[in-house]
Amino acid sequence: MALSQRLDLRQGQSLVLTPQLQQAIKLLQLNNMELAEYVEGELAQNPLLDRDDGDGPAVLEAAAADNLLRHDGEAPAAPSEGDGFGDAVDDGGRDTLDRTTTDAIPASGDDPNDIDYDNSWGSAGIEETDGIAAIGSGDLSSWSTAGGGGGGMVGDDDFGLEQMVADSKTLRDHLLDQMSIEFDEPRDRLIAAHLIDMVDGAGYLSGDVEALARQLGAELEEVERVLKRAQGLDPAGVLARDLKECLALQLADRNRLDPCMQALLDNLDMLARREVAALKKVCGVDDEDLAEMIGEIRALNPKPGEAFDRPLDQPVVPDVLIRRGADGKWLVELNSDTLPRVLVNNAYYAEVSKVAAKDRKAKEYLSECLQSANWLTRSLHQRATTILKVSTEIVRQQDAFFEHGIQYLRPLVLRDIADAIGMHESTVSRVTSNKFAATPRGIFELKYFFTSAIASAAGGEAHSAEAVRHRIKGLIDGEPANAILSDDRIVELLRADGVDIARRTVAKYREAMRIPSSVQRRREKAGQAVMAGRR
C-alpha cells in the first residue's frame with residue numbers, strides 16, 4: 001500500500017474556553033472580598049482602568065432593567081452585545097460601573113425561637129436606595145531578649161490608627177522572657193529553649209523528650225529536670241505532655257493536687273462518661289466532695305497556650321442582602337459596600353492613542369488593555385445580574401423559611417434553581433459557593449438553602465433534611481431528665497409528625513450535631529441532678 005500526503009477540509013463545532021469566558025467563570029465563583037482583591041490587581045496592571053470614587057454619574061437607571069427580578073415571573077431582558085456598565089459614557093469620556101447601595105436589615109425575625117443560631121452569623125446594617133430585586137411575600141542563636149525602643153514624637157501626617165494597636169506577644173516570646181530569668185546555667189537555657197520550641201499552639205509539648213536528649217547529647221534525666229522546672233513557667237499547665245499532666249500542673253499551682261484529686265485525674269475517661277458512682281468509689285469521697293472536685297477541674301484551662309497567638313476572628317461579610325420592604329415583599333440586592341467600582345478611562349485612551357499611533361507594539365498594547373478593561377466591566381455586570389437572579393429565585397423557593405423559620409425550610413437542589421432561571425447547574429453552583437446572604441434571621445451561606453428531601457410518612461410533601469435536624473435537636477433539648485429519648489423513640493415521634501425516617505438516619509443527624517447518645521445523656525443529667533441536689 002502506497003503512502004501519500006493530502007489535504008482534507010472538515011467542518012465541525014467545538015466549545016472553546018476563551019480568556020474572556022474563563023475570566024467570567026472565575027469572577028462568578030469569587031465572593032465580594034475576593035472580587036475586590038482581584039479587581040485591585042487588574043487596576044494595578046491595566047492603565048485604562050480607574051477606581052470609581054462616585055464622582056461620575058451613576059448608571060443605575062441603565063442597569064435597572066437587568067437587575068430587577070419580580071415575583072410575577074417577569075424575567076430580565078438579556079444584555080445585548082453592546083450592553084453592560086462599560087458602555088455608559090459620561091462627560092469625561094469614561095465608561096462607568098456602579099453598584100446598588102445597601103438597605104437596613106432588621107436585627108431579628110418575628111420570632112427569635114425560629115432562628116437557627118448554629119448557622120446564624122449575625123446581621124448587618126445598611127441604608128436604603130434603588131436598584132433592588134423585589135419578591136412578593138525559632139531562632140535560638142540568642143537566648144536573651146532585647147528591650148523594645150520607646151515611641152518617638154510623630155507628626156500629624158504620620159499618625160495612623162495602626163500605631164495605637166497593641167503589640168501582641170506570642171507564647172514562645174512569653175516563655176523565652178521567663179526562661180532568661182528562671183535558668184542561670186547556659187546549658188539549662190539551651191535545653192529549655194529547645195523545649196519551648198517544641199510547644200504547640202495549645203501549650204502542649206509536641207515532641208519527644210528522649211529524641212531531644214539524643215539530639216543535644218544530654219542525659220534524659222537532665223532534660224527531664226529542666227522540663228520540670230520549665231513547667232512552672234506562666235501560664236500554668238504549659239509544656240505538659242497530655243491533658244492529665246496539664247490539669248495536674250494547674251492544680252499543683254493552686255495547691256489542690258491531693259491524692260483524691262490525683263485519683264480523679266487518673267480516671268478522666270470515667271468522668272467523661274459521667275460515671276458518678278464509680279468515681280466516688282475510686283476517689284473515696286462522697287457526693288458533695290466529688291461535685292466540688294469536678295467543679296475545680298471544670299474551672300481549669302485545658303489549652304493554656306490559646307491565650308497567646310489567638311487569630312483574629314474575621315467577620316463574615318454578606319454578598320447578598322435580603323430584607324422585607326414596606327409593602328411586605330422581600331427585597332434582594334447586592335452588598336455594594338464590598339463591591340469594587342471601576343471605570344474605563346476612554347479619554348485617557350484617546351489621548352495616548354494619538355501619541356502611540358506610529359508605534360505598532362504600543363498600539364497593540366493599548367488595544368489589549370482596552371479590550372481587557374471592557375471585558376472586565378461586562379463580566380462584573382453579568383456576575384451581578386446572575387447572582388441577583390439566583391438569590392431571588394432562592395428567596396422565592398424558600399419563602400416559608402423567611403416567613404416562619406427553619407422548620408419550614410423546603411427540600412431544594414441546584415437543578416430546581418437552574419431550571420427556574422434557565423441556567424446550568426454548574427453556574428448555580430458557582431454562584432452559591434462561598435457566598436453569604438444577610439437576612440432578618442441572620443447571615444447564612446447560600447448553600448445552606450439547598451437540602452436533601454426526606455419522604456413524608458403520609459405520602460404528602462417531602463421534608464427538608466435541615467428542618468428534620470432542627471426538629472431532632474428540639475426534641476432532645478426539651479427531653480426531661482427522667483425520660484431521655486432514645487433514637488427509636490425519636491423515630492416514633494417524627495413519624496407521628498409525618499416524617500418517614502430510619503433510625504440510622506436519626507443517629508447520623510444526631511452525631512453530626514455532636515449530640516451524645518441517650519445513654520451518655522442519661523448519665524450526664526443524672527450526675528447534674530446529684531450535684532445540684534448537694535448544692
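**Helix 7, salt bridges and aromatic pairs**

On the face of helix 7 that points away from its buried side sit the exposed residues Glu221 and Lys228. Exposed here stands for over 50% relative accessible area, buried for under 20%, and partly exposed for what falls in between (1.4 Å probe, protein chains only). Helices (H or I, at least four residues) and strands (E, at least two) are DSSP runs, numbered from the N terminus. All of this comes from a predicted model, in which local features need pLDDT of at least 70 and side-chain atom pairs count only at pLDDT 80 or more, while totals for chains, interfaces and linings use all residues. Residues are numbered from 1 along each chain as its sequence is written, and side-chain values use heavy atoms, with hydrogens and water left out.

Back to helix 7, which runs over residues 220-230: its buried residues are Glu222, Val223, Val226, Leu227 and Ala230. These cover an arc of only 135° around the axis, so they end up on the same side of helix 7; the arc is taken from the directions from the helix axis to the C-beta atoms. What do the buried residues of helix 7 pack against? Their partners are helix 5 (186-197) and helix 6 (209-216), with contact meaning heavy atoms within 4.5 Å.

Next come the charged side chains. Side chains of opposite charge can pair when their charged atoms come close. A salt bridge is counted when a side-chain nitrogen of Lys or Arg lies within 4 Å of a carboxyl oxygen of Asp or Glu, and that rule gives 27 salt bridges. One of them joins Arg241 to Glu245, with the closest N and O atoms 3.2 Å apart. Is each partner buried or exposed, or something in between? Arg241 is partly exposed at 39% relative accessibility, whereas Glu245 is buried at 17%. This pair also belongs to a wider arrangement, a network of salt bridges that links Glu224, Arg241 and Glu245.

Another salt bridge brings Glu306 together with Lys303, at 3.9 Å from N to O. Here Glu306 is partly exposed at 38% relative accessibility, and Lys303 is partly exposed at 40%. A further example is Arg360 with Glu364, where the closest N and O atoms are 3.1 Å apart. Both residues lie in helix 14 (residues 360-397), four residues apart, which is about one turn of the helix. Arg360 is exposed, with a relative accessible area of 57%, while Glu364 is partly exposed at 41%.

Then there are the rings. Rings of Phe, Tyr and Trp (its six-membered ring) pair if their centres lie within 6.5 Å, and the planes count as stacked under 30 degrees, edge-to-face over 60 and tilted for the rest. The structure holds nine aromatic pairs. In one of them, Trp330 and Phe402 have ring centres 5.5 Å apart and planes at 50°, so the pair is tilted. Trp330 sits in strand 5 (residues 330-334) and Phe402 in helix 15 (residues 399-404), so the pair ties together parts 72 residues apart in sequence. Trp330 is buried, at 2% relative accessible area, and Phe402 is buried too, at 3%. Both rings join Phe401, Phe444, Tyr448 and Phe449 in one aromatic cluster.

Trp330 has a charged partner as well: the charged end of Arg324 sits over its ring, 4.3 Å from the centre. The test for this is NZ of Lys or CZ of Arg within 6 Å of the ring centre and within 35 degrees of the ring normal. Arg469 likewise places its charged end over the ring of Tyr509, 4.8 Å from the centre.
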